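Please open the model in your viewer and keep the selection panel at hand, since the tour moves from one selection to the next.

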Amino acid sequence: MGARAYKGDETTGFQSPAQDHVEAVPDLADLLELRRPQRYAVRVKGEGLRSRGIHGGDILVVNTDAEPRTGKVCVAFLLGDVVLAVLSEKDGQWWLEPANHPAQPVSDHTEVWAMVAALVRTDV
Amino acid sequence: MFGLIDGNNFYVSCERAFDPTLIGKPVIVLSNNDGCAIARSAEAKALGIKMGDVWHLSKHKPEYRGVIAKSSNYALYGDMSRRVFEVLSESFARVEPYSIDEMFVDLTEFARADYCRRVRERIRRVTKIPTCVGIGPTKTLAKLANKHAKTASGVSDFSDLDVRREAFATMPINEIWGIGRASQAKLNNFGIFTVEQFAALTSASVRKLMTVTGQRTHAELNGVSCLPLALAPSQRQTVAVTRMFGRLVETWEDMREALAAHASRAAEKCRNHGLVANAMVVFFHTHPHNGDPWYHGQRSFEIEPTSDSFALIRQAVRAGRSMWRPNTRYAKAGVILLDLKSARDMPRDLLPTADTVRSEKLMAALDAVNNRFGSGTLRPGGIRQVTPWSTRAANRSPRYTTRLSDLMEVRA
């Protein structure tokens, strides 16, 4: 076992003026609220929502407890598939507009699983 | 007032939360090593699949053709259990996680069924897991109400005497928390079959029949609360790591590695709870049902108090070696640590044979790395990541909520 990790505080020669001020790197799990029960991370497959700035390979952080809103992107169970879709409401009926499918009314056979809340991209 | 909230077919519901192809189908989850059915969807129950059915023996029945059998995915179930707990903690002042899929809550301030109904809907929305809620003035009544809720609307309130009376008349005594098969048989002999009949007995006669534990159950059924909410688990007495092998083990090298891995995992659990072990049991045995001659080797012995992986591995391997029999096919092995004491309370040995300070530092580093990068990242020498004896889990779903490599995929 070698030296302890150096965090900018404990030096061997001159005493570090930062000693009482060192902080950890920012915690992205905090920012993305990943520890909250309603937050889930999912992975995007496909490029159908580039127009909304969502690329294949992106990680989306979604919220299962958010109110559905017109124009927002959601994760939905649709015909046995897990898809991204744009939500819209027309005359009291909610519709899902997936990228590569015709719009579908939200019914007993579809489920709005969560609303997209944040995006993480690591290959910029 | 207490509430008991439990997840319906919890493991199956966790699987369905992330896989729409499982919805509406007969789905079961298998125990470790893909052995027995330990969770069943309603559709699977309707087909006649029983809890504990050995799947590889029954799966060829024609009526089970469409059944989807998943390997257990405890990383997922544990995280979903955490989420349920968190949602409950936002809604109730005190929550006791009783098991992975059952939580007691303190309803003193919210003894209302419609409040519970709203929480139940929120759990469904947040975690996708359907639940049932039982309400009662005692834990035993809350638990019984929860059973009743399964056949009712999902929420049953046994604080209401009329509801209780009506339910008691038809519920069999084996639905009562704490009445096992032996007590049931005894009571049946006396002509007691329903909860109503049991509750009507005198306390003294219950004590004569079933000792003080039965008397407590009886009092709780009659609305006298004897069991408060427990907010922290009681200190563990033992740590056991025992596994059926994925395939039979025939060489000492494989057995040595299995014992080392079990000892290492047991040591880790010990350290997680700040405990040290004072005694150890090591065992392995052949398969009880495959026709091989039965051999069961077991050693129990005291050890110098420790939770050091390397020390425990040495002991486990030495004990295993001493009872190893060649030309034998082993089906299961285990390491059990006993007589656990809080590490802080241990008197320091005057003449220790090991350097405890050095050991503590090394173990802390080991645990830190495994916590950060996933369990099994740093392993004591000689334990491979994937081994021939590893548990079988042929159809395990991804660890959707705990690994970046396993996230649910959404198509765009």
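Begin by selecting chain B together with chain A in this predicted model: the area buried between the two chains is about 2,500 Å², and carbon and sulfur atoms give 56% of that area. If you then reduce the selection to residues in contact, you should have 29 residues of chain B facing 32 residues of chain A. Next pick out Val410(B), Arg411(B) and Ala412(B), which supply 30% of the area that chain B buries against chain A, more than any other three residues.

Turn now to the polar side of this interface, where 5 salt bridges are counted between chain B and chain A and 18 residue pairs, both at pLDDT 80 or more, are in polar contact. To see one of the salt bridges, select Arg122(B) and Asp65(A), whose closest N and O atoms lie 2.2 Å apart.

Colouring chain B by secondary structure shows which elements give two or more residues to the side that touches chain A, namely α1 (10-18), α4, α5, α13 (356-373) and β14 (408-411). Of these, α4(B) gives the most, with 6 residues. By class, this side of chain B has 15 nonpolar, 3 polar and 11 charged residues.

Finally, stay within chain B and select helix α4 (residues 74-91) and helix α5 (residues 113-127), which pack at an angle of about 145° with their axes 10 Å apart, α4(B) passing α5(B) in a right-handed crossing. Show side chains here, and among the residues of α4(B) that meet α5(B) you will find Met80(B), Val84(B) and Leu88(B), while the α5(B) side includes Tyr115(B), Ile123(B) and Arg122(B), the last of which also forms the salt bridge with Asp65(A) visited above. The residues of this contact divide into 8 nonpolar, 2 polar and 3 charged.

How values were computed: Residues numbered from 1 in each chain as written. Chains lettered and ligands numbered in written order. Predicted model: local features only at pLDDT ≥ 70, side-chain atom pairs only at ≥ 80, totals over all residues. Heavy atoms only, no water. Axes fitted to C-alpha atoms, helices over the stretch in contact; angles between N-to-C directions. Helix = DSSP H or I, 4+ residues; strand = E, 2+ residues; numbered from the N terminus. Left-handed = near helix turned anticlockwise from the far one by under 90°. Contact = heavy atoms within 4.5 Å. Nonpolar A, V, L, I, M, F, W, Y, C, P; charged D, E, K, R; others polar. Buried area = accessible area lost by both parts, 1.4 Å probe. Salt bridge = Lys/Arg side-chain N within 4 Å of Asp/Glu carboxyl O. Polar contact = N/O pair within 3.5 Å; in protein donor to acceptor, adjacent residues only side chain to side chain.
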